[in-house]
Amino acid sequence: MSRNMRAFKNILITGGAGFIGCNFIRFLLEKADGFSGRIINLDVLTYAGNSMSLADIEAHYGASRRYFFEHGDICDRAFVESIFKKYDIDTVVHFAAESHVDRSILGPEAFIKTNVMGTFTLLDVARNTWKAADGNIRQDALFHHISTDEVYGSLGDTGFFTEATPYDPRSPYSASKASSDHLAMAYSHTYGLPVTLSNCSNNYGPYQFPEKLIPLMILNMLEGKALPVYGDGKNIRDWLYVEDHNAAVWTIMQKGASGKTYNIGGENEWENIKLLNVLIDIVSKKAGIDADKIRGAITYVKDRPGHDRRYAIDCSKIKRELGWKQTVSFEEGLEHTVDWYLANPSWIENIRSGEYQHWIKRNYGER
Ligand SMILES: NC(=O)c1ccc[n+]([C@@H]2O[C@H](COP(=O)([O-])OP(=O)(O)OC[C@H]3O[C@@H](n4cnc5c(N)ncnc54)[C@H](O)[C@@H]3O)[C@@H](O)[C@H]2O)c1
């Protein structure tokens, strides 16, 4: 189906108060060429969801009725149905998930609930809501499912994950994401639901919760704390600036073929320890802290159980077929990211103190 046939009038974004979701909402409203519709951000606001990240968007686009926030759980079918009806949803971009591998090792249940059952609930509500009078599902609608390269397992020193790589998830997180990917594709094949899917490598950028590697390290450097590195520090990840991920998702929404998967990656592989050394140089320069002093805080810690060694994405399909490419170099992206954390101490303080959770309760009540 071509771009012009897709509606994009009322886009339901799940998990829009999280790291990538909030960046994507900003991108759609402020940068995406040709989008003039409404965004409905549905988020249950777990520890990782922070609707204060979008306070300026809510003030500006809430007033012009292009942005709406709905506090709720994607596993709550009645609630999800009511949102589809209330806003006449024609597009879903599904980011909501439990997303941290370490947390999935400590407590996998929440991952199965949100990532598997939540995705199932959204798909099933979309299937029922988008059914036309003749029983067929309307094809101008779109369900874009956001997933990860971690579903493909771990690589040795060579090779890349392509869209044809068999799934081999190794952590409860990646297993739950793999299940959700299979469900999304099953809804496409079985019911004809218009689904596109993307598997992306590690993102970094503004608004990322400081439990993930890059923001955790930046904040620990600024606060003179230890810099914990798993194992020998030589695990490799492929890093992509979040804005490039946003543009890739928007490209797939416009031009991607229904029932197809697209890999998105940075073509930017780094060993954790080497990445850390680049980050130390940037933070040292920008914050005026001695680089050797920061380096002295590197502390090797016991490896994560089942830690995948290397991820690397072959993203030639989305480049070739849809014309997307990365635009932000790693150095540039890291500089923007460090600048953002330096310029936003109140966002960090709110997260650290838990103030944003009190704010959520005051504004939205318990859910
Ligand atoms: N961060 C990465 O590097 C990366 C890479 C590839 C893919 N992804 C995928 O991108 C998506 C977003 O990742 P992120 O890093 O922004 O995650 P995040 O943890 O920062 O945000 C997740 C958001 O989902 C919300 N949420 C969780 N459970 C919910 C539920 N039951 N109902 C409604 N909302 C719920 C949270 O409140 C939060 O706002 C995820 O699907 C993740 O698997 C992330």
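**Exercise 1. A side chain in helix H5**

Which backbone nitrogen does the side chain of asparagine 115 reach at 2.9 Å? Find that atom, then describe the surroundings of asparagine 115.

*Solution.* A word before we start: this is a predicted model.

Step 1. Locate the residue. Asparagine 115 sits in helix H5, which covers residues 109-129.

Step 2. Follow the side chain. The backbone nitrogen that it reaches at 2.9 Å belongs to glutamate 98. The side chain of asparagine 115 also makes a polar contact with the side chain of serine 176, at 3.0 Å.

Step 3. List the neighbours. With residues up to four places away in sequence set aside, asparagine 115 touches Ala97, Glu98, Ala110, Tyr173, Ser176, Lys177 and Ser180.

Step 4. Decide on burial. The cut-off for a buried residue is under 20% relative accessible area. Asparagine 115 has 1%, so this residue counts as buried.

**Exercise 2. The shell around the ligand**

Work out which residues come nearest to the ligand, and which polar atoms of the protein lie by its oxygen and nitrogen atoms.

*Solution.*

Step 1. Begin with the shell. There are 28 residues around the ligand, and the nearest of them are Ile20, Asp43, Ser99, Tyr173 and Lys177. Two of these names should be familiar, since Tyr173 and Lys177 are also among the residues that asparagine 115 touches.

Step 2. Look at individual atoms. Here are three pairs to find on your screen:
- An N or O atom in the side chain of lysine 177 is 2.6 Å from an oxygen atom of the ligand.
- A polar backbone atom of glycine 18 lies 2.9 Å from an oxygen atom of the ligand.
- A nitrogen atom of the ligand has a backbone N or O atom of valine 44 at 3.2 Å.

Step 3. Consider how much is covered. On its own the ligand has 830 Å² of accessible area, and the protein covers 96% of it.

Step 4. Sort the shell by class. The residues divide into 13 nonpolar, 12 polar and 3 charged.

Step 5. Trace the shell back to secondary structure. At least two shell residues each come from helix H1 (19-30), strand E5 (142-148), helix H6 (172-191) and strand E7 (202-204). E5 gives the largest share, with 3 residues.

**Exercise 3. Helix H1, buried or exposed?**

Judge whether the residues of H1 are mostly covered or mostly open, and check the length of the helix against the expected span.

*Solution.*

Step 1. Check the length. H1 has 12 residues, and the distance from its first C-alpha to its last is 17 Å, close to the expected 16 Å.

Step 2. Check the cover. Of the 12 residues in H1, 11 are buried. Among them are Phe19, Ile20, Cys22, Asn23 and Arg26.

Step 3. Connect this with the ligand. Ile20, one of the buried residues of H1, is also one of the residues that come nearest to the ligand.

**Exercise 4. Two positive phi angles**

Compare the settings of phenylalanine 8 and glutamate 267, and say what is noteworthy about the phi of each.

*Solution.*

Step 1. Recall the background. Most residues other than glycine have a negative phi.

Step 2. Read the angles. Phenylalanine 8 has a positive phi, near 50°. Glutamate 267 likewise has a positive phi near 50°.

Step 3. Place the residues. Phenylalanine 8 is in the segment before strand E1 (10-14), while glutamate 267 is in the loop between strands E10 (260-264) and E11 (269-271).

Step 4. Compare accessibility. Phenylalanine 8 is buried at 9% relative accessible area, whereas glutamate 267 is partly exposed at 47%.

**Exercise 5. Two loop residues**

Classify lysine 225 and arginine 304 by accessibility, then name their contacts.

*Solution.*

Step 1. Lysine 225 lies in the loop between helix H7 (213-222) and strand E8 (227-230). With a relative accessibility of 42%, lysine 225 counts as partly exposed.

Step 2. The side chain of lysine 225 makes a polar contact with the side chain of glutamate 223, at 3.1 Å. Beyond its neighbours within four places in sequence, lysine 225 is in contact with Asn220, Ala297 and Arg352.

Step 3. Arginine 304 is in the loop between strand E12 (298-301) and helix H11 (316-322). At 17% relative accessibility, arginine 304 counts as buried.

Step 4. Not counting residues up to four places away in sequence, arginine 304 touches Val101, Asp102, Ile105, Tyr230 and Arg237.

Methods. Residues are numbered from 1 along each chain as its sequence is written. This is a predicted model: local features need pLDDT of at least 70, side-chain atom pairs count only at pLDDT 80 or more; totals for chains, interfaces and linings use all residues. Side-chain values use heavy atoms; hydrogens and water are left out. A residue is near a molecule or strand if one of its heavy atoms lies within 4 Å of it. A polar contact is a pair of N or O atoms within 3.5 Å; within protein, one must be able to donate a hydrogen and the other to accept it, and residues adjacent in sequence count only if both atoms are side-chain atoms. Accessible areas come from the Shrake-Rupley method with a 1.4 Å probe; for residues, only the protein chains shown count as cover. Helices (H or I, at least four residues) and strands (E, at least two) are DSSP runs, numbered from the N terminus. Ala, Val, Leu, Ile, Met, Phe, Trp, Tyr, Cys and Pro count as nonpolar, Asp, Glu, Lys and Arg as charged, and the others, Gly among them, as polar. The expected span of a helix is 1.5 Å times one less than its number of residues. Buried means under 20% relative accessible area, exposed over 50%, partly exposed in between (1.4 Å probe, protein chains only). Contact means heavy atoms within 4.5 Å.
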